[in-house]
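Dear colleague,

Please find below the structure that I am handing over to you. My notes on it follow.

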Amino acid sequence: VSTQSTGATFFTMGLAAILHRFILFSKDIKHQITLIYCLAFLCLGLALSSFGPSLLELAARNDSSVKEVGFVFVARAFGYLCGSVIVGIIIDIFGRGNLLIAGALVVSSIGITCIPFSSNIWILSIFCVAVGVAMGFLDTGGNVMLLWLFTDKSVEPFMQALHFSFGFGALVSPLIVGKLMNDHRFPNNETMVPGFPNSTVPSNFVPNRGLEISYWLIAGSFIPVAIALFFYKSPVNPSKVIADDKEVNEEKVDDKLKQDTINTKGDDGNDAPIDGKSEVIEDVVNLLNTNEKETKSSLLKKFLNRSRDELWIIFSVCGFLFFYVGAEVATGGFLFTYCVKLNIMSENAAAHLTAAFWGALALGRLVAIPVSMLVSAEKMLISNLIGSIISLVFMLIKPQNFYFLLIGVPLYGFSLGPCFPTAFNLANKYMQIKAIDGSVFVFGASTGEMFVPLIVAFLFEVKAVPLFKFSGHNTLLWALLVCMILGILFSSFLIWKGRRTEYFQKNNIGKIVEIKLKELGNDSEENIKLDDEDSL
């Protein structure tokens with residue numbers, strides 16, 4: 001164990017040195033912070049996809065069936081949900097997003113280190129809840145901080161890069177876990193899980209030490225990223241910057257009014273009655289009282305104080321992410337079990353296929369970085385969802401065929417990859433994103449992560465339904481297809497509402513600009529006339 005701990009320590013130190021050197025190469029502070037956010041999301045991908053190859057090992061260690069171990073996803077998603085909601089409120093009130101993300105990385109590292117030591121399903125669930133809360137902090141905080149960092153609407157390629165980092169981490173994690181577990185497996189030790197016909201945990205079962213080593217390596221990579229975040233100031237909410245500017249202007253108005261009050265003193269020291277200034281003072285006092293009431297209003301009222309179209313946009317993004325993230329997590333979590341328990345391929349091949357899914361997902365997001373500069377986000381989202389549906393239909397033709405899965409899974413992952421960051425880009429395009437909005441978006445994502453894998457786990461052992469050729473062995477593919485169809489409905493509604501809102505805002509901005517130009521034109525004409533009169 002000491003040798004394993006020493007290796008994890010050297011791995012962490014090496015990653016810290018590489019991180020330090022790469023940050024020094026970039027002189028732009030925004031690019032430095034973006035790089036650290038990308039590394040934080042790489043850690044998020046490492047943590048999220050580590051369950052796939054280790055699911056059967058964890059089930060055997062905790063003497064649980066696949067149905068029972070499915071509650072691990074519920075526990076993690078419940079923590080994810082709580083963390084995403086809490087962090088949005090905290091960031092909106094106190095700011096300090098970088099500090100919260102750094103703390104989340106540390107908590108995730110501790111939780112992942114403790115998971116292999118669980119002895120029953122309830123202890124495992126507690127660890128997963130803690131990791132889920134930290135991941136919710138990281139996911140919501142990272143997305144919102146990046147949107148606030150690039151306030152000039154140039155965030156699309158950086159958002160794709162952020163989620164590419166997640167996909168790359170999700171690609172590497174199954175390879176690390178699968179390789180180390182395969183290298184440390186005893187010759188006569190096969191992981192058998194209750195709940196499948198003729199399968200029990202054998203009496204000579206010995207825990208695979210590769211699980212501990214892989215989880216500790218993943219946990220160790222979180223620490224240098226957390227340390228790096230402590231040295232950078234958190235991005236500020238653009239709407240709060242505007243509010244601060246208003247407060248400064250109000251202070252200047254207040255000082256001017258005090259000066260005017262002093263200047264309006266009569267010869268006897270009493271106030272001179274000036275009707276115009278008294279009306280101005282009354283209006284400013286009413287304005288300040290209104291602002292004070294607004295600052296005391298609850299976050300819920302602020303969240304609901306929007307146009308109806310903006311509320312529909314938030315709802316549609318939330319619904320889309322429910323089905324998208326549910327499908328993504330269900331694929332990463334159950335693809336390994338699906339392939340092994342149906343004897344489609346060996347455990348090593350199943351781990352590589354899971355890694356191929358995450359790798360294709362990462363590749364899709366990498367390709368989306370330059371494509372997002374040329375193609376609209378609306379076209380990208382719809383085309384990717386159509387591609388994922390086509391790949392799932394292709395696999396359902398022969399759901400237990402090795403070659404159909406070998407072709408279909410990477411195509412599905414590649415099509416699925418850019419959808420999550422593109423949905424965030426669309427929301428940011430149609431409206432001003434607040435931290436509480438990011439919490440609502442990740443709330444939808446985490447509820448999907450909670451329920452879709454749970455449903456897949458329960459239906460995994462369902463008997464065949466001849467009418468639809470449906471049975472437990474192809475539950476995963478059917479569930480993914482339903483999620484993608486519902487996802488395309490929500491995304492279409494999002495685009496419809498979003499385009500209306502964008503068109504409305506553009507028209508109003510155009511009208512305001514026209515009015516201002518006319519006012520400036522009238523003022524300049526009056527000034528020219530006065531100058532001419534003075535010259536005469």
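**Confidence and findings**

Helix H17 (residues 402-416) has the highest mean pLDDT among the elements of the protein, at 93, and helix H12 (residues 275-296) the lowest, at 44. Here pLDDT is the predictor's confidence in each residue, from 0 to 100, and helices are DSSP runs (H or I, at least four residues) numbered from the N terminus. This is a predicted model, in which local features need pLDDT of at least 70, side-chain atom pairs count only at pLDDT 80 or more, and totals for chains, interfaces and linings use all residues. Residues are numbered from 1 along each chain as its sequence is written, and side-chain values use heavy atoms, with hydrogens and water left out.

The mean pLDDT of the protein is 74, and 68% of its residues reach 70 or more. Over residues 191-201 the pLDDT stays under 50; for this stretch the model has 31 contacts (heavy atoms within 4.5 Å) beyond four places in sequence.

Turning to helix packing, H7 (residues 121-149) and H18 (residues 419-430) pack at an angle of about 50°, with their axes 12 Å apart. Axes are lines fitted to C-alpha atoms, for helices over the stretch in contact, and angles run from 0 to 180 degrees between N-to-C directions. In H7, Asp-139, Asn-143 and Leu-147 meet Phe-420, Phe-424 and Asn-428 of H18.

Asn-120 lies in the loop between helix H6 (97-114) and H7. Asn-120 and Asn-62 are 58 residues apart in sequence and 4.4 Å apart in space, C-alpha to C-alpha.

Yours sincerely

Definitions and conventions. Helices (H or I, at least four residues) and strands (E, at least two) are DSSP runs, numbered from the N terminus.
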